[in-house]
Amino acid sequence: MKDKRWAIHKFGGSSLADAACFRRVADIVAELPGGTLGIVVSAMRGTTDALLGLTALAERGDRGFADALAGIGERHAATARELIAGPRLAELLDAWQADAARIQDLLHTVAGEGEPSPHARDVVAGFGELWSARLLSSYLAERLGEDRAGTWIDARRVVTVRQTELGPAVQWDVTRRRWRENLAEDFDGIVVITGFIASDEQGVQTTLGRNGSDFSASIFAALAGADELYIWTDVDGVMSADPNRVPEAKIIPSLTYSEAMELAYFGAKVIHPQTLVPAVEHGIPVIIRNTFAPDQPGSRVLATATSEEQIKGITAIAGMALVNLEGSGMVGVPGTADRLFGALKKAGVSVTLISQASSEHSICVAVPESLAERARSVVAEAFAEELAGGQIQKVDVTPGQSIIAVAGDGMAGTPGIAGRFFGTLGRAGVNVRAIAQGSSERNISAVIDTSEATRALRAVHSGFYLSAKTISIGLIGPGSVGATLLRQLERQGERLREEFNLDLRIRAIARSSRMLLGDRRIALDGWRQALAESTTPLDLEALERHVDADHLPHAAIVDCTASDDVARRYAGWLARGIHVVTPNKKAFSGDPGYYAELKRSCRAGNSHCFYETTVGAALPVIRTLRDLVDTGDRVHSIQGILSGTLAYLFNVFDGSMPFSEIVLAARESGFTEPDPRDDLSGMDVARKLTILAREMGSTIEIGDFPVENLVPENLREVDLDEFLRRLPEHDEAMAARFDAARKRGRRLRYIARLDEHGAASVGLEEVPPDSAFSHINLTDNIVQFVSERYSANPLVVQGPGAGPEVTAAGVFADLLRLAAFVGDGVSV
Ligand code: ADP
Ligand code: ASP
Ligand code: MG
């Protein structure tokens, strides 16, 4: 006999927060395909809490409820005035006045004057839905015309329930009859219906429990024989975890009734657990949509799944306590559990989770915290004899617990889900107190401390949903190398994600005075401007905390500065588990004690430190040396040209042009540091040699070996301008060195040497024309390793050893190496 199409749309309190929200809802309703529509509404956001607050005040005898009530009224009146005018507005305000008077009466009785109504709390709490229904209905009539809209139903006249221990049970026969009585059979417009409120069999007002409007909507969908039930809320759908707690949460496009039920029951507030019961019975699809993003498709809850993910979501319910009954006297004694649950049932304590060790030495149950004391005392009473006799040692209660659960139909029969769940909790340092898995295998739950719940949610979520190779990265020093690296990452990011499942997320960029922090990631096409506009002052500790976020599997800091202060922090970062990637030489060429500390920190934090680009830019110098050492070769000596700048200067210096002019031209072209003395002093080469020495196990320090400073003594302390002006004074001396070498058929090269006994030197040398060092190009670096394996013919690494492009590419390559180390997790 069903000949017309019905759809039910429910708008939650978050969708009805203010006048703008009502307009948005009306826009959505106006756009819906025709047919008969039931619009179920919650109270305006916060109203139910506010109304319950009034009863709480009255219960304490606090007269402040009168003012508070006026405040609630003012908010509704103001919203109504923004939306409606004329007689419709007057009608609404009159109705509100009458309701306010009734609430006042009820509260006075609660406050101790007169006969208190046993149901005052429920009655007061339910007014919010009446107000929002009237308001929306009037507004829709104004917008869409009286022909289509303007009808509303007070659900108390229809929905009849019996309150049971398992929540309200709908009395379908009465409810159906009343539905027919309250809406004409041929009705085909838009009817607005109050959510949340209902009546009991005696006709007394009651509610469907907090968040019960979802349930109301589902009841009305069943009554109307609706084709679909839409739940409009403030998120894009059912997400893999509460998006307010897990920023990475993803929308679940499709899930089964049982999955949705499991998630709802275990705390996914987005739908009320009972909502699905009528929908399931009538096979009505439930679609969760976002009022604030109506173009999003939302989540569809259906009888059968259309996706194959094994787990659908992760939830947490707070406010639990564990009651633990423990004693050797319980082992092998039948009926203990029965007595325990019997006692709890009698006291009206509902049990959310049960866990018993197979030794039967203890049984523990999770119950709502508010009932924990009651639970403890009834259990102690039930087992009083055993407690006195010592067969049961104790009944204790641990408050402040949360249940974290993973749910999904696809978990059944899939090995490894529990392993991953508990593995990620363990790695996040979250202690698990009790565990339960139903044999339906649709849910695994663990009881943990509430203070750790958000961290646990994030860790478990990333364990299941994120690529194991997601690295949260902070970059310090976006100068030429840093900025080039960001550009390279921007270009390659998509490909790395698609091809290698590798997600290198820049989440912080810092320069000397300020920093930019991004919650998920910083958009790399606009970082420059965003950083320039950022007002967040540089705070390396805050940066460290932000980068090392709980919800991301790995964290790394890329230091592209030359700063000693930043380098001093590596040990702390590494010890905390934050990886370090850097072209900054300071940490590896300074104090040997600190260098040893870095190595210890890596071990302590199970972290990695990559600094290939400190020597020879992207050339594999350190890696080659490490491979030799690690595979048991004995390196006898290393020699090479380690400065691209000095390589260039002496390549170009052929006697035809004074040395000072070459330096100035090189400076102009950006081949030297801004102050060329930083290159000419040889310090940079000495640092690189020290780094190589340490890789060979030597502990040499700068100062232990001779370093030839090419800056004339009288120009070392003067300011830069004077240095540049007076450099020609020394051209003659340089020319003389060049000529002397030429006479012997040799060329000048700035060379670093090191042998296995720790003897080292850095300085200008004459090299014969058949030496490899004679024939290098431009800024080439060249390093020769002589070892036991490479004795007759040294191992040579040669190529461009300077410049932002290659250096940045080297840092990038180090990041990829890091990813290869950390990414050994499997992904679902
Ligand atoms: P409404 O007022 O529309 O009924 P609620 O606040 O009751 O909205 O429910 C929506 C909220 O549910 C979201 O804002 C979100 O914080 C929370 N939530 C918890 N778990 C989930 C989840 N798994 N998916 C989506 N939302 C969730
Ligand atoms: N207004 C009620 C509450 O806040 C019901 C609902 O919003 O679903 O619990
Ligand atoms: Mg809700």
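How many helices and strands are there in the protein? The count is 30 helices and 29 strands, in what is a predicted model. Here's a quick tour of the overall build and the two enclosed spaces inside.

**Overall build**
- The protein has a radius of gyration of 37 Å, while a compact globule of 828 residues would come in near 28 Å.
- Its C-alpha trace spans about 115 × 75 × 55 Å along the principal axes.
- Buried residues make up 52% of the 828 in the protein.
- Looking at contacts with a separation of 6 or more, 72% join residues that sit 24 or more positions apart.
- About 35600 Å² of the protein is exposed, with carbon and sulfur atoms supplying 49% of that.

**The largest cavity**
- Two cavities reach 30 Å³ or more, and the largest holds about 110 Å³ of space.
- Its lining is made up of His 76, Ala 77, Ala 80, Leu 92, Leu 93, Trp 96, Trp 131, Arg 134 and Leu 135.
- Three helices each put at least two residues into that lining: α3 (65–83), α4 (86–110) and α6 (127–144).
- Sorted by class, you get seven nonpolar residues, one polar and one charged.

**The second largest cavity**
- This one has a volume of about 30 Å³.
- Around it you'll find Val 238, Leu 255, Ala 260, Leu 263, Ala 264, Ala 268, Val 270 and Ile 271.
- Helix α9 (residues 257–265) is the top contributor to the lining, giving three residues.
- The class split here is eight nonpolar, no polar and no charged.

How values were computed
Residues are numbered from 1 along each chain as its sequence is written. Chains are lettered from A and ligands numbered from 1 in the order in which they are written. This is a predicted model: local features need pLDDT of at least 70, side-chain atom pairs count only at pLDDT 80 or more; totals for chains, interfaces and linings use all residues. Side-chain values use heavy atoms; hydrogens and water are left out. On a 1 Å grid over the protein atoms alone, a cavity is a set of points where a 1.4 Å probe fits but cannot get out, and a pocket is an open set with protein on both sides within 12 Å along at least five of seven lines; lining residues have an atom within 4 Å of a point. Grid points are joined across faces, edges and corners, and a volume is the space filled by probe spheres set on the points. Helices (H or I, at least four residues) and strands (E, at least two) are DSSP runs, numbered from the N terminus. Ala, Val, Leu, Ile, Met, Phe, Trp, Tyr, Cys and Pro count as nonpolar, Asp, Glu, Lys and Arg as charged, and the others, Gly among them, as polar. The radius of gyration is taken over C-alpha atoms; the globule rule is 2.2 Å times the number of residues to the power 0.38. Buried means under 20% relative accessible area, exposed over 50%, partly exposed in between (1.4 Å probe, protein chains only). Contact means heavy atoms within 4.5 Å. Accessible areas come from the Shrake-Rupley method with a 1.4 Å probe; for residues, only the protein chains shown count as cover.
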